[in-house]
Amino acid sequence: MKSIVAFAFLAVVISAVSSELHCTVKRPNIPNDWIDMVRPCVEEMKKQIQKEINASMKYLAMGAHFSRDTVNRPGFAKYFFEAASEEREHAIKLIKYLLMRGELVSGVSKLIKTSFDALPTTHWNNAVAALEDALKTEAEVTKSIRNVISVCEEPNDNSRFNDYHLSDYLTGEFLEEQYKGQRDIAGKISNSRNLWATMVNLENSCSIKNCCKQCKIKYSRPQFV
Ligand SMILES: [Fe+2]
């Protein structure tokens with residue numbers, strides 16, 4: 001009997017002590033007057049983060065495609081893998097920007113999880129097709145950044161809050177890189193097409209003159225140019 005009473009007493013003591021020890025971490029009470037971004041602008045930024053992640057996924061697929069043993073274009077594979085890393089870096093920069101402005105304190109994982117659109121394709125007939133696809137993607141991303149700037153300068157709400165800093169950041173850093181990147185891809189398309197045309201011409205001239213079987217072998221049309 002004594003041991004039952006002692007056990008019950010001990011249980012009560014433990015329960016009382018453990019409820020005392022239970023701790024809750026309260027969010028620090030930080031004033032939020034400094035947080036001045038407006039909702040329409042924040043929402044556009046979130047969409048832009050998702051677009052950057054999607055672009056990264058597409059370039060990752062392109063890098064993998066050109067790495068396959070049956071395709072084997074290591075130069076293009078390297079180029080697209082690097083492009084995938086750059087797009088991922090853009091998403092990180094935008095996330096960091098929102099965090100700097102006191103936004104995105106929750107829901108980051110949901111934002112990233114819901115980012116992925118199914119890729120329309122994971123196969124490209126040749127390098128020119130992949131580069132043209134990449135240029136189209138970049139043009140869409142550029143248009144989207146311009147839209148973020150436009151919304152953040154003149155949000156469709158009552159605030160009339162012109163987010164000069166964000167507009168400046170996106171214009172100076174992101175748009176600058178977009179325009180240079182687009183020009184770079186356009187140049188690569190041009191080079192690839194010229195290379196293709198040169199090879200076709202060489203092949204034709206060899207056949208017409210019937211002069212050089214070796215030449216024909218050397219310059220036979222590559223499967224992926
Ligand atoms: Fe980007």
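Student: This is a predicted model, so let me start with α5. What makes its reach close to the expected one?

Tutor: Helix α5 has 27 residues, and from its first C-alpha to its last it reaches 39 Å. The expected span is 1.5 Å times one less than the number of residues, and for α5 that comes to 39 Å, so the two are close.

Student: Which residues of α5 are buried?

Tutor: Quite a list: A127, A130, L131, A134, E138, V141, I145, V148, I149, V151 and C152.

Student: How do you know that a residue such as E52 is buried?

Tutor: You count neighbours. The cut-off is 20 or more other C-beta atoms within 10 Å. E52 has 25 C-beta neighbours inside 10 Å, so E52 counts as buried. You'll find E52 in helix α2.

Student: And what makes H90 buried?

Tutor: Run the same kind of check against the cut-off of 20. H90 has 23 other C-beta atoms within 10 Å, so H90 is buried too. H90 sits in helix α3.

Student: What does E52 touch?

Tutor: Leaving out residues up to four places away in sequence, E52 touches E87, H90, A91 and L94. Those four also turn up among the buried residues of α3.

Student: What covers the buried residues of α3?

Tutor: The cover includes α2 (39–67), α4 (108–113) and α5 (127–153). Among the residues being covered are F76, Y79, F80 and A83.

Student: How many residues does α3 have, and how far does it reach?

Tutor: Helix α3 covers residues 74–100, which is 27 residues, and reaches 39 Å, close to the 39 Å expected at 1.5 Å a residue. Just after α3, G102 takes a positive phi of about 85°.

Student: Which residues does UniProt list for "binding site"?

Tutor: The unreviewed UniProt entry lists E52, E87, H90, E138 and Q178.

Student: How do you know that they gather at one spot?

Tutor: Set two values side by side. They span 127 residues in sequence, yet no two of their C-alpha atoms are more than 12.7 Å apart, so they gather at one spot.

Student: Zooming out, how many helices and strands does the chain have?

Tutor: Seven helices and zero strands. From the N terminus on, the elements run α-α-α-α-α-α-α.

Student: What share of the chain is buried?

Tutor: Buried residues make up 22% of the 225 residues. As for contacts between residues at least 6 apart in sequence, 73% join residues at least 24 apart.

Technical notes
Residues are numbered from 1 along each chain as its sequence is written. This is a predicted model: local features need pLDDT of at least 70, side-chain atom pairs count only at pLDDT 80 or more; totals for chains, interfaces and linings use all residues. A residue is buried if 20 or more other C-beta atoms lie within 10 Å of its own, exposed if 12 or fewer, and partly exposed in between; C-beta atoms are placed from the backbone. Two residues are in contact if their C-beta atoms, placed from the backbone, lie within 7 Å. UniProt positions are given in the numbering used here, feature names are shortened, and annotations may be inferred rather than shown by experiment.
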